[in-house]
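Dear colleague,

Here is the structure I promised to pass on to you. My notes on its sheet and its largest pocket follow below.

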Amino acid sequence: MKMALGELAPSEVDAVVMHAPGTIKGDLSEVRAIEAVFGKENLPAMTSNKWKIGHTFGASGTLSLELALLMLKHQKFIGVPFTTDHSRPERLDRIMVNAVGFGGNAVSVLLEKA
């Protein structure tokens, strides 16, 4: 995530599409990593698509990219319906997408509205 940010301030990211594999340990680990990068006071809105489509293994990262692109295009944050955090950014200019593969391969990309 730090590499994806480059020199951009973490506060400039409006949302994160989490990998969120749907396990207590996996999801909590990712939230803790996001807190470490962004700080607990400046957390971007967080979401995932797995609550709706399940874990699609190899297509997971691509589907998360699609979610982020559609949110940027339509300027609508799609949250997770059963979370206690209902923060919704007013505007979406930058969205980070996290993806993790088998064996611990991980990537984060930052998408920006043109």
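**Sheet and pocket**

Val17 stands opposite Val97 in S3, where strand S1 (residues 15-17) and strand S3 (residues 94-100) pair in the parallel sense over three bridges; strands are DSSP runs of E of at least two residues and helices runs of H or I of at least four, numbered from the N terminus, and two strands pair if DSSP finds at least two bridges between them. This is a predicted model, in which local features need pLDDT of at least 70 and side-chain atom pairs count only at pLDDT 80 or more, while totals for chains, interfaces and linings use all residues. Residues are numbered from 1 along each chain as its sequence is written, and side-chain values use heavy atoms, with hydrogens and water left out.

The open sheet has four strands in the order S2-S1-S3-S4, with mixed pairing. Strand S2 (45-47) and strand S4 (106-112) are at the edges with a single partner strand each, so one side of each is left without a neighbour in the sheet.

The largest pocket (an open set of points on a 1 Å grid over the protein atoms alone, where a 1.4 Å probe fits, with protein on both sides within 12 Å along at least five of seven lines) is lined by 20 residues, of which Met18, Asp27, Val31, Val80 and Thr83 lie nearest its centre; lining residues have an atom within 4 Å of a point. The largest share of this lining, three residues, comes from H2, and H2, S2 and helix H3 (50-53) each supply at least two residues.

Best regards
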